[in-house]
Amino acid sequence: MTSTVPRAAEATESRGGDNAPATRSPRHETQRSRHWRENLAGYGFLTPWLVGFFGLTLIPMVYSLYLSFTSYNIFSPPEWIGFDNYIRMFEDPVYLNSVKITAIYVLVGVPIKLAAALGVAMLLNYRDRGAGFFRSSFYAPSLIGASVSVAIVWRAMFSTDGPVDDTLSFFGLEIGGWVGNVALVLPMMILLAVWQFGAPMVIFLAGLKQVPRELYEAADMDGAGPIRKFKSITLPMLSAVVFFNLLLEIIGAFQVFSSAYIISNGSGGPAGMTNFYTVYLYKRAFTDGQMGYASAMAWALVIVVAILAFVLFRTSKMWVHYQGDSK
Amino acid sequence: MSTLREIRTPVEPTPGRRADKPRFTRKQINTAIWFVVLMAFTAIVLYPLLWLLMSTFKDNSEFGQNQGLVPNDPTLDNYVKVFEGIAGVPMWRFFTNSAIIAIAATFGTLLSSSMAAYAFARIRFRGVGIFFAAMIGTLLLPFHVVIIPQYIMFNNLGMIDTYWPLILPKFLATEAFFVFLMVQFMRGIPREMDEAARVDGAGHVRTFTSIMLPLIQPALVTSAIFSFIWTWNDFLAPLMYITSPEKYPLPIALRLYNDQTSTSDYGATVTASFIALIPILLFFLVFQRFLVAGVATQGLKG
């Protein structure tokens, strides 16, 4: 055994194997040099990513954690102040307000967006003809939704005497512009998010195509109505896709920045109603030069997102069914 | 539903009136309703874009008066004005800046992400598991936690107001989405393909360049399109790092219009916004199937 197998391994896996001295165990030698070569190749190919991971992600994260315990304005060295930044967050009404509107944006916007995505996906799944055209049309906003151009269009459309105001006035709803209205500017931002339902819709559609038709046919035979079929077949079969979309949309919604920044001209107004978490963080860091406080805010966001992701993953065991383990 | 149709269809072609032309079946009627509903929905969803396009032909005096689609007095004045530029910088300059950044970033992303993906998918080296988990972790990480230290670092390196902070990270595979997409794609490729090459004496570098890269072309195209569009649209990074107007990419230049002229020159603002979208809309029209397929299989966000 020790004589035939290593020869084969030597011939196929090591180019220098022919010259390997026969006195030392050839198998050991080639195995080791092979491992060494694999490690070298692995780290060679991974070098750019490793430099990026350590230099632009991990070390900055640690540094940001350190900064969050300091008072730092980039011009003078950081000054250790312990937990003061974190305590200050709970006493800062502007911060608490930004948490509140971001939470509303996530809690209201994400479910509406996903409901729209699922509804339209089911509608598209109903017939095949022309579905490709509709799918692409609905997807387009997702691609451009975060751009400055769209933020400018949105602001123009919802301003006083803009197209939306005009249309609503035509139906007798004289509510004026949404942009400067404290009560309406957040719904307007949520509408902008919902408008980009195309990306989760496409993912739902891919999931719907995987649901076996026989399940619906069997349900038809049993006389199940459409609501029953949706609850007992569609939702359970799609639960993994729902989970995936939910996770991505929540994390994405927490980080809304450019549209709010553009629509409010960087002010977060009116009355702080577009002062989303990351907008306030940016202003604190780069307008006010409070890098320590902003770092604490960033870390609070990381912790909240990590907790949410953890809770989602944990509870997912109760409602996400993966194909194969349902039976 | 189906039983109903089966009963009705044979009854339909009753002799007498139009025996040769049966009336619509239930299924056809449903399809027609379906089509009309979706068309109406499409009209609503695409209306803002159509409104933007049509508004670029409106005279400044029409804004606030005519909110419909059709300009009262179509004009190309807005385009003429926009191409003259703003703040002493011509429009083509912003456009070129955006193109330089987006092309360099896309090239860097493809190169570094495919290399990292090859290491994760095909090389068994010490630590691969930990690093792969770390890569997945960065997928979910709110990136705002690193922008402050990164800013301090690039500031210390004297790179503020250069394109380095916008391009360099792309050459270091910082967008984990693309690494993940390519890993998934490579895992779908039969191992025999590259193992055959290895048996023939090709090292990892040869296997990567002449076997793997050609095989993952669809993933490379999808990544290239998304990388280009995301960089083209990116607002936060240039907002932080680029300070002189002649170096502005389009999104920051748009802000110039938005801030300085929004009240006086609505037409120019809207037209500049539209021009900034043109490359993306073109990309979308040409590659829509690629994009939608990419989202469907990899869960990429737009």
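Visitor: Is the crossing of H5(B) and H8(B) left-handed or right-handed?
Guide: Bear in mind that this is a predicted model, where local features need pLDDT of at least 70, side-chain atom pairs count only at pLDDT 80 or more, and totals for chains, interfaces and linings use all residues. Residues count from 1 along each chain as its sequence is written, with chains lettered from A and ligands numbered from 1 in the order written. With left-handed meaning the near helix is turned anticlockwise from the far one by less than a right angle, and right-handed clockwise, H5(B) and H8(B) cross in a way that is left-handed.

Visitor: How do the axes of H5(B) and H8(B) sit, and what makes H5(B) oblique to H8(B)?
Guide: H5 of chain B covers residues 128-140 and H8 of chain B residues 176-187 (helices are DSSP runs of H or I, at least four residues; strands are E, at least two; both numbered from the N terminus). Their axes (lines fitted to C-alpha atoms over the stretch in contact, with angles from 0 to 180 degrees between N-to-C directions) come within 9 Å. The pair is oblique (not under 35 degrees, roughly parallel; over 145, roughly antiparallel; or 65 to 115, roughly perpendicular) because of a crossing angle of roughly 130°.

Visitor: Which residues of H8(B) make that contact, and how do the classes divide?
Guide: On the H5(B) side it's Met135(B), Thr138(B) and Leu139(B) (contact means C-beta atoms, placed from the backbone, within 7 Å). H8(B) answers with Ala176(B), Phe177(B), Val179(B) and Phe180(B). Counting Ala, Val, Leu, Ile, Met, Phe, Trp, Tyr, Cys and Pro as nonpolar, Asp, Glu, Lys and Arg as charged, and the others, Gly among them, as polar, the split is six nonpolar, one polar and no charged.

Visitor: What about H9(B) and H10(B): how are they oriented to each other?
Guide: H9 of chain B (residues 191-199) and H10 of chain B (residues 204-215) have axes 10 Å apart, and their crossing is right-handed. They pack at an angle of about 155°. That makes H9(B) and H10(B) roughly antiparallel.

Visitor: How many charged residues are in the contact of H9(B) with H10(B)?
Guide: H9(B) brings Met193(B), Asp194(B), Ala197(B) and Arg198(B), while H10(B) brings Arg206(B), Thr207(B), Ile211(B), Met212(B) and Leu215(B). By class that comes to five nonpolar and one polar, and the charged residues number three.

Visitor: Is Ala224(B) buried or partly exposed?
Guide: Ala224(B) lies in H11 of chain B (residues 217-233). Leaving aside neighbours within four places in sequence, Ala224(B) touches Thr106(B) and Leu110(B). Buried takes 20 or more other C-beta atoms within 10 Å, exposed 12 or fewer, and partly exposed is in between (C-beta atoms placed from the backbone). Ala224(B) has 19, so the residue is partly exposed.

Visitor: How much of chain B is buried?
Guide: Chain B has 14 helices and zero strands. Among its contacts with a separation of 6 or more, residues 24 or more positions apart account for 70%. Of its 302 residues, the buried share is 40%.

Visitor: And how much of chain A is buried?
Guide: Chain A has 14 helices and two strands. Residues 24 or more positions apart make up 64% of its contacts with a separation of 6 or more. Of the 327 residues in chain A, the buried part is 38%.

Visitor: Where the chains meet, which helix of chain A gives the most?
Guide: 81 residues of chain A are in contact with 69 residues of chain B. The side of chain A has 53 nonpolar, 22 polar and six charged residues. With 19 residues, the top contributor on that side is helix H2 (residues 26-67) of chain A.

Terms used
Two residues are in contact if their C-beta atoms, placed from the backbone, lie within 7 Å.
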